[in-house]
Amino acid sequence: MNEEELKKAKKAIGEESQFIHGDTAVAYGALLAGCRFFGGYPITPASEIAEKMAELLPKVGGKYIQMEDELGSIASVIGSSWTGAKAMTATSGPGLSLMQENIGFAHMSETPLVLADVQRSGPSTGQPTLGAQGDIMQTRYGSHGDFAAITLSPNNIQETLNYTIRAFNLAEEYRTPVFLMLSADLGHMREMVRIPKEVETFERKRPKVPPEEYVPFGKGDYGKEKVPEFGVFGDGYHTYVTGLTHDDHGFPATDDQEDHDRLIRRQVEKILDDREELTDVEKRSLDDADVALVSYGITSRSALGALNKGREEGKKLGYLRLKTLWPFPIKDIEELSKNVDKIVVAELNLGQIYHKVKEHADKECEIALADKIGGEIHSPDEILAEV
Amino acid sequence: MEEKEEKRKVEMISAKEIRDKYLRHDMMPHIFCTGCGIGNVLDYTLWALEKEGLDMDKTVFLSGIGCSSRLPGYIDVDSLHTTHGRALAFATGVKITNPELNVIVFTGDGDCMGIGGNHFIHACRRNIDITVIAVNNYIYGMTGGQVAPTTPEGDYATTAPYGNLEPAFDMSEMAISSGATYVARWGVKRPNQPINSIQEALQNKGMSFVEMMSPCTTAYSRQNRMGTIEEFWDWYEDKTILAEDYEKIEQYGSEEEKEELEDKIKVGVLHKEKKKSLSERIQELIEEVQV
């Protein structure tokens, strides 16, 4: 994004320091990242993101539309992205369930987009106004077929803003949908936030070759080298984009085993090859720890309370926060599990990331789950009870 | 004078030249059955594009799922073959993001009226500047002949083995009542009227809907005993009546003529109005509030 665009975004956002909630922080981060299209549908507790975007986007020359449902909102976002805009939508559990088919389309067509999920209790309508962390697996396995997801999980409002920018950069760099996971508590909680002076943005790579040499769906050897250039609609590249299995040129190849295998493996590997570059964890007090508390998002704030209280009581506790949920930080969990006797996974569900930790932890290490559902976050004691 | 000159030039182009200019030959052979009307719909669309002189670098085709939704793949242009029923929602994102692009959607009766019904009525309501060409064959053809929201009451389908119990949607009436600003319906047998209508649809700065009644000779015709391909194509001729004639009979016709109308389907330009499109309104808003 150029200087002038950033200046415009900052002017629309206003004051440099603001006391805002997580939903507003997503909107601010999106504007600063260069997002210029939002297709949405109202849903508690994510509606405030759409409301803010409806107010701010026209001010910076961007487009906002409220679609007829969530199936339509994610569809409009994919259409917009192929037309060259950085585009996003925001929703909560029921909406995320409805979007799954087109999320699969975005994976298959390698469409950059950002989806902010302000989680609430489910299944079904559940507890609309109360927070949860029940959608973690849905971002990874929700749509049918094979794909790799990028899912980020901030734990405070400043980080929510920063991670929204990061989500757009990763979406553009890897040509893929990126999930930004909040929860009702984070979405509606207010903290002081500073609007960053400098913003680093990444713009998707556009083809430089003439149209007859452009290959929209095949490329590269490793990690992001496997991400093909993106020929925007209207640039003369005449790209055929389909959810069907396609060859490197985008044309249907639905009955060829090799074409499908090559396409899907490349799409998965472009992300998983870069697992270590993509994953991000925060570690505290792990050097002498016997028991590690593993958590993410809003729950990590309870885990931090548990860490401090436990340490005061003389317990040798450590803390590992997952800032990236997918790709899963396998190496960090492997290492951690070799250095501690026990890991307590705290999350606002009946066990999702817990199973991933169990899968990758050393077999000698005991894995416990501090689960909680019902709309309240853990008290530090509830986590300590599992230590 | 100059205009006439221009018109003649278009007419001088041969069908082969049109196909060479617009189609992706490496995608041939196409998937359509013998006797299907979809190829004609494509042909008429290409002629309309040529007459209108649209820049193919600035034109995007979209479609959902079904037989007709395979059409964009055969045209050398930017295109988005989306999920079932959702093409209009994708198209909304495309058009709003870049209003300079000509956005054309191919859809079918199941895609548009069944799974995509909600997107359809809202695209009409918004009067988004998109041209929709809907191929109505009364049935789910791609999946083997299941009953559709457009299948006439009493007709047979693989999932209506005792005859369809449900009344059918009229796609064009639905478009008009939902707010589309140009609506036309034609059979596929005669080329000129549909070509003109598709061209007018492209010119309309708003939601345009052209319904093409097209025979499904594999899934529909067999189950409903419509006879040979020729007989089935002729059936559409007998079944349809020009909207002007329909209205005349309604007003001045004899009781007998009026009774015959009950069985007829109106074709022609069914609705035309001038209304600001959504993309225009969004552009105006931006100019008003931009910092």
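The contact between the two chains draws 41 residues from chain A and 33 residues from chain B, where two residues are in contact if their C-beta atoms, placed from the backbone, lie within 7 Å. This is a predicted model, in which local features need pLDDT of at least 70 and side-chain atom pairs count only at pLDDT 80 or more, while totals for chains, interfaces and linings use all residues. Residues are numbered from 1 along each chain as its sequence is written, and chains are lettered from A and ligands numbered from 1 in the order in which they are written.

On the side of chain A that touches chain B, the elements giving two or more residues are α1 (3-13), β2 (35-40), β3 (63-66), α4 (70-82), α5 (93-109) and β10 of chain A. Helices (H or I, at least four residues) and strands (E, at least two) are DSSP runs, numbered from the N terminus. The most comes from α4(A), with nine residues.

Now to the domains of chain A, whose bounds come from an automatic or database domain assignment. They are domain 1 (3-194), domain 2 (211-275) and domain 3 (281-384). The C-alpha centres of domains 1 and 2 of chain A lie 25 Å apart, and 16 residues of domain 1 are in contact with 14 residues of domain 2. On the domain 1 side, α5 and α7 (157-174) of chain A each give two or more residues, and α5(A) gives the most, with four residues.

Here is the make-up of two of these sides, with Ala, Val, Leu, Ile, Met, Phe, Trp, Tyr, Cys and Pro as nonpolar, Asp, Glu, Lys and Arg as charged, and the others, Gly among them, as polar.

| Side | Nonpolar | Polar | Charged |
|---|---|---|---|
| Chain A, touching chain B | 19 residues | 15 residues | seven residues |
| Domain 1 of chain A, touching domain 2 of chain A | seven residues | five residues | four residues |

Next comes a sheet with strands from both chains. Nine strands form an open, mixed sheet in the order β10(A)-β2(B)-β1(B)-β3(B)-β4(B)-β8(B)-β7(B)-β10(B)-β9(B); two strands pair if DSSP finds at least two bridges between them. Its edge strands, each pairing on one side only, are β10 (240-242) of chain A and β9 (240-242) of chain B.

At one edge, three bridges join β10(A) to the parallel strand β2 (residues 78-81) of chain B, with B:His81 in β2(B) as the bridge partner of A:Thr242. At the other edge, three bridges link β9(B) to β10 (residues 265-272) of chain B, also running parallel, and B:Leu242 has B:Val267 in β10(B) as its bridge partner.
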